[in-house]
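This report describes two parts of a structure: the surroundings of its ligand and a sheet of strands. The structure is shown first, and the description follows.

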Amino acid sequence: MNAFKPHSSHWGAFSGRYEGGKLEILPHPGDPDPSPLLGNLPAVADSPARVRQPAVRRGWLEGKPGNADMRGMDEYVEIGWPQALDLVAKELGRVYGEYGAKAVFGGSYGWSSAGRFHHAQSQIHRFLNVLGGYVRSVNTYSSGAASVIIPHVLGPYDTFDRKSVTWDAIERSTGLVMAFGGMAIKNADVHGGGISKHVVRQKLSGAAARGARFISVSPLKDDFPHGLEVEWLPMTPGTDVALMLGLAHVLVTEGLHDRGFLDRYTVGYDHFENYLLGRSDGQPKDAEWAAKICSIEAGTIREIARAMARSRTLITVSHSLQRADYGEQPVWMGIVLASMLGQMGLDGGGYSYSLGALGNIGKSQLAAPLPTLSQFRNAVADFIPVARIADMLLNPGAGFHYNGQLLHYPDIRLVYWVGGNPFHHHQDLNRLRTAFRRPETIIVHETAWTSTARHADIVLPATTTLERDDIGAADRDDLMIAMKKLIEPVGEARDDYDIFSEIARRLGQFESFTENRTSREWLSYLFETTRAALDAGGYDAPDFEAFWQRGELRLPLKPDEGGPARAFRDDPSASPLPTPSGRIEIFSKTIDDFGYDDCAGHPRWYPARIEANHVYPLHLVCNQPHQRLHSQLDYGAFSRSTKISGREPVRINPADAQARGIADGDIVRLFNERGSCLAAAVLSADVRQGVMQLATGAWFEPHEASAENAMCIHGNPNILTRDIGTSKLAQGCTGQITTVEAERYAGELPPVRILDRMTFAQ
Ligand code: PGD
């Protein structure tokens, strides 16, 4: 009988055992609320969706390079590893030689898998830097707008905004949690790099037991953990800023704002107040004005504003709000509202950006550094904001605005993608299909035949974490895990590190890339950073072999002292914020000087661009799934158990369904001017009327791959979303909300095949 061995994933620590052709998974015994996503893991061992052998698109093989028109429709030919590695090395040599490093896009965005060494993004960036560099991407699809606006107004992202308020402080002191965008437990199930303890439900229950009040502002009722008493404000999607302004207006006109705090800790409040009260534009942003926009009653807005002022109030703003038109505004306005309440730095009060969006946000900081693989220096300065990938491929040389700069898109000849799935994460997939026909060559390492793999020229089979040893550790998680190999590589899959090492060898860069270390030697070498720091701090500091034997190591935490917000509150001169003024910027001269028409010097209400045409009457919320992480393991048992007739479920309010003759379980077609998809209707009063909800992550499968405006038969909402930036400031993705119409699908139902075994050209 094989023993259970420790392992880890983005959605939890666990142990696993492979016995009799089956993989058994047990959650970590110390996790009080393990994630159901663990149920997707056993399929990794034997799913037909896995990539088993290197494969090349026939058209590329025969007409290389170029011959790109057939991408997404072509057959694949399986080849052996030596030939595949030779082809990749030769093609990289050609492109670097003919066009230089500026013609290679290695932005390769994606979450890939947990593990400090085999982290796919670190591996590809290190590899391409050894070759001379690459065009990179900046920021993320998670927080594209927030990560640009917050540094202007509060200081570096993920510092003041996410390191000041802990779950312990909330349990201890918070009186009112005002959650704009809710705080869905499915999001807190995951954390990039791993999470050994899921504590959100437990901590909020503790606060509730003390009498804390929770208000969730969202078109979806279940955007807050089940089992807790929460007041649901079912507002019109995309209108949180109007609601926040309405609340702010009540605070000022009823004298409930903290003028002392505003004077001492912020700059530019008067500019903002002129706008709020309508002195600068003639429109007071009062509760009645807000109510008309967000459809929350004016009386409710007034009552909540008063409650916020008399309670220890914590304002949270979810990622989802800023993944939309003008996404910078709710993030900034949330900061302004919290400043007006004057509670920044008080225990359990103030502002926390995206609390609950990842499972470890709100936990205490680690007191020791984590092992990190060096990526070397990138010799290429060119970059794109991550969600501008299709713009870049379609418009080489064109100018674009970003954070005060006018930049130009590079001319990309080769795209190398490892550990991400753009045909999951990007918007307007029909446009992305066109964009993916532009480069001469696309190379992908994948564990499974995702839609991205099916749009590549060369597909190299990568192992998952289950097939290799690694160190599991994540920011704000106090358990380091010896991630032990649980199964042999599936088919001919190889570790990304081994693939890059062999390509580097062919290009004469083996030593630079590997530093002559095996994977095992790297683990021991990287572990030393943490061990030495633990030793210096007087903590338990076993050597690598002892750690590996034990299977896990408890890491020390810093004391919970209120973080940067408390230090700033205690003494703003001694601990100024790293903003131009050293204070919270309610008005930012820097942003005002950029002169943008879509992000001014202080937060303001901009009606969403999507409302302009009114052709498609339903809002579609395209949020994170509860049954998988993004698109990962869509072939797993838990994800598949939620599909209906093989399609992704789409929730619709019963009144909207009735108006369209749609019954529970019907297959519906959602459509707008960009495309369409099939999904299975689930009637639910937890979705506000006028809104539908379709999670991301069903692997994109076009009905007719040759159609210009393809229909996804599986239910991927990104066939419908818009590929436009949040604003000229951040250019973040706006995939969260779009507008659609829905109808019962009366045509013959095409079978979903994307999760089945791939067929190859003979
Ligand atoms: P994943 O499904 O996690 O999605 O986008 P992301 O691309 O990160 O893709 C990871 C891929 O890496 C998988 O295909 C997996 O098989 C592969 N992989 C895993 N481990 C390894 C490995 O070790 N080696 C290699 N070579 N491959 C590996 C997520 C992105 O989607 C994010 S972060 C967000 S927040 C966005 N959310 C939304 C949204 O809310 N709404 C819309 N409409 N769109 C979104 N897109 C974004």
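## Polar side chains at the ligand

The model is predicted. In it, a polar side-chain atom of H630 lies 3.1 Å from an oxygen atom of the ligand. Two further side chains place a polar atom by a ligand oxygen: for E446 the distance is 2.5 Å, and for H424 the distance is 3.3 Å.

The ligand taken alone exposes 920 Å², and the protein buries 98% of that area.

## Composition of the shell

The ligand is surrounded by 33 residues, of which the closest are S113, H425, E446, D496 and S631. E446 thus belongs to the closest residues and also brings a polar side-chain atom to 2.5 Å from an oxygen atom of the ligand. Sorted by class, the shell consists of 23 polar, 6 nonpolar and 4 charged residues.

Two elements give two or more residues to this shell, namely α16 (422–425) and β18 (441–446). In terms of domains, at least three shell residues come from domain 1 (55–141 + 369–554), and at least three come from domain 3 (618–744).

## A sheet of three strands

A separate topic is an open sheet of 3 strands, which has the order β1-β2-β3 and antiparallel pairing. The edges of the sheet are formed by β1 (5–9) and β3 (22–27); each has a single partner strand, so one side of each is left without a neighbour in the sheet. Direction ignored, neighbouring strands of this sheet are turned by 40 degrees against each other on average.

In general, strands of a sheet pair through backbone hydrogen bonds, in either a parallel or an antiparallel manner.

## Pairing along the strands

Strand β1 runs antiparallel to β2, and 5 bridges join the two. The connection between β1 and β2 is a hairpin that passes through 2 residues. On the other pairing, β2 (residues 12–19) is joined to β3 by 6 bridges, and these strands likewise run antiparallel.

Individual bridge partners show how the strands are aligned. H7 has F14 in β2 as its bridge partner, while the bridge partner of F14 in β3 is P27. F14 is therefore a residue with bridge partners in two directions, because β2 pairs with β1 and β3, the strands that stand at the edges with a single partner each.

Methods: Residues are numbered from 1 along each chain as its sequence is written. This is a predicted model: local features need pLDDT of at least 70, side-chain atom pairs count only at pLDDT 80 or more; totals for chains, interfaces and linings use all residues. Side-chain values use heavy atoms; hydrogens and water are left out. A residue is near a molecule or strand if one of its heavy atoms lies within 4 Å of it. A polar contact is a pair of N or O atoms within 3.5 Å; within protein, one must be able to donate a hydrogen and the other to accept it, and residues adjacent in sequence count only if both atoms are side-chain atoms. Accessible areas come from the Shrake-Rupley method with a 1.4 Å probe; for residues, only the protein chains shown count as cover. Helices (H or I, at least four residues) and strands (E, at least two) are DSSP runs, numbered from the N terminus. Ala, Val, Leu, Ile, Met, Phe, Trp, Tyr, Cys and Pro count as nonpolar, Asp, Glu, Lys and Arg as charged, and the others, Gly among them, as polar. Domain bounds come from an automatic or database domain assignment. Two strands pair if DSSP finds at least two bridges between them. Axes are lines fitted to C-alpha atoms, for helices over the stretch in contact, and angles run from 0 to 180 degrees between N-to-C directions.
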